[in-house]
Amino acid sequence: MGIDYADLHDPNAEYTMRELSSETMGVRAKRGGGRDVEITDVQTTMVDGNFPWTLVRVYTDAGIVGTGEAYWGAGVPEIIARMTPFVVGENPLDIDRLFEHLVQKMSGEGSIGGTVITAISGIEIALHDLAGKILELPAYQLLGGKYRDSVRVYCDCHAGEEEDPQANADEAERVVEELGYDALKFDLDVPSGHEKDKANRHLRNKEIEHKAEIVRAVTERLDGRADAAFDCHWAFTGGSAKRIARAIEDHDVWWLEDPVPPENHDVQREITRGTTTPIAAGENVYRKHGYRRLLEEQAVDVVAPDLPKMGGMRETRKVADMADSYYVPVAMHNVASPIGTMASAHVGAAIPNSLAVEYHSYQLGWWADLVEESVIQEGAIEIPEQPGLGLTLDMDAVAEHMVDGEELFAEA
């Protein structure tokens, strides 16, 4: 018999200085219009996609269910089970307070960032879907309304022979011509054949030339038909990152993403200031606090939060507002199922400074089967006007693609 994570002892409950439950805060007023609703349970089901997506469902005594998604990774379902007692009995419409309540309750277990915030993100997205259904409003309306009816999608591309510049160029052309995208991203942290020591992050001249050749081949083949970004996955030293950025300045690069590890903002700032190539970062940063220095010190040209990872929909909106005060656009990193992808799209519709939302599953044939509605069409996501996220899980598809040993959600 496994561990019951929901029943673990909570020593913080005995002395916490910032308990934000409705009982402690005295939130007892009756709400009209069918808004007196209580959370009864939270459940997860992990789907084995090109990432192991953690889908989240919040159940209520009104029989209405909200669906969300947490960024993939081990331990997230257990943390969600751990937090479930903290939200049972709460009104799901109090999204902001419940987010802060969970952050406070889990502070001793690491709610500054990491999997704890990722788990909270999954619940928070489900609360937006649920609140929208209760209020009969689309999720973007809960975030202040919309700037656009559809959100641009950029396709994360993989050529198979990713070390071959011409193979990348061929795939770029195929994705534009056959799949209809006008925004793409390719990886630069791929083997060049000239590596001597991968641990030291340093690139020799031939390696720099190889990265620049990939950029040249892709951008010249596209010839203005699509925007192209390039991802480094935090792989290089500050000096090597500067040399890559400068080597590709003459090419039509949308942005260069994560050229250095995310921990040292000072180095990130120097990379950005040292080149005319636009620099993007942010997928490994958590909550609005993590983005403060990146934006205040103008250490990025594009900020790239991963919504189901960094805090959810309202927290991403707060980061976007902060970025907008520094005139920085937002391109949401995204490796999610249709649920997390649509959550990002709703935020992208509600903020002025949205560039695009990533799509990372174009080679997975059944990605779209997880929901009954169409999500991506002709390189864009049209924002649904249905309540909540506007998506309906296809439970047969979820059951078919569950991780081995996983259990399906309970019925509403």
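**Pockets, cavities and a buried glutamate**

Colleague: What classes of residue make up the lining of the largest pocket?

Modeller: Keep in mind that this is a predicted model. In the lining of the largest pocket, three residues are charged and four are polar. The remaining class there is nonpolar, with eight residues.

Colleague: Which element gives the largest share of that pocket's lining?

Modeller: The largest pocket holds about 320 Å³ of space. It is lined by 15 residues, and those closest to its centre are Val42, Gln43, Thr44, Glu406 and Glu407. Two elements give two or more residues to this lining, helix H2 (76–87) and strand S1 (39–48). The largest share, six residues, comes from S1.

Colleague: And closed spaces: what volume does the largest cavity have?

Modeller: There are five cavities of 30 Å³ or more in the structure. The largest of the cavities has a volume of about 80 Å³.

Colleague: Which residues are closest to the centre of that cavity?

Modeller: Its lining splits into two charged, five polar and six nonpolar residues. Of the 13 lining residues, the closest to the centre are Pro262, Gln268, Ala281, Val285 and Leu294.

Colleague: Now Glu207: how far away is the nearest side chain of opposite charge?

Modeller: Glu207 sits in helix H7 (residues 205–222). Leaving out residues up to four places away in sequence, Glu207 touches Ser192, His194, Glu195 and His202. A salt bridge needs a side-chain nitrogen of Lys or Arg within 4 Å of a carboxyl oxygen of Asp or Glu. Glu207 is buried and has no salt bridge, and the nearest side chain of opposite charge, Arg204, lies at 4.5 Å.

How values were computed: Residues are numbered from 1 along each chain as its sequence is written. This is a predicted model: local features need pLDDT of at least 70, side-chain atom pairs count only at pLDDT 80 or more; totals for chains, interfaces and linings use all residues. Side-chain values use heavy atoms; hydrogens and water are left out. On a 1 Å grid over the protein atoms alone, a cavity is a set of points where a 1.4 Å probe fits but cannot get out, and a pocket is an open set with protein on both sides within 12 Å along at least five of seven lines; lining residues have an atom within 4 Å of a point. Grid points are joined across faces, edges and corners, and a volume is the space filled by probe spheres set on the points. Ala, Val, Leu, Ile, Met, Phe, Trp, Tyr, Cys and Pro count as nonpolar, Asp, Glu, Lys and Arg as charged, and the others, Gly among them, as polar. Helices (H or I, at least four residues) and strands (E, at least two) are DSSP runs, numbered from the N terminus. Buried means under 20% relative accessible area, exposed over 50%, partly exposed in between (1.4 Å probe, protein chains only). Lys and Arg count as positive and Asp and Glu as negative; His and the chain ends are not counted. Contact means heavy atoms within 4.5 Å.
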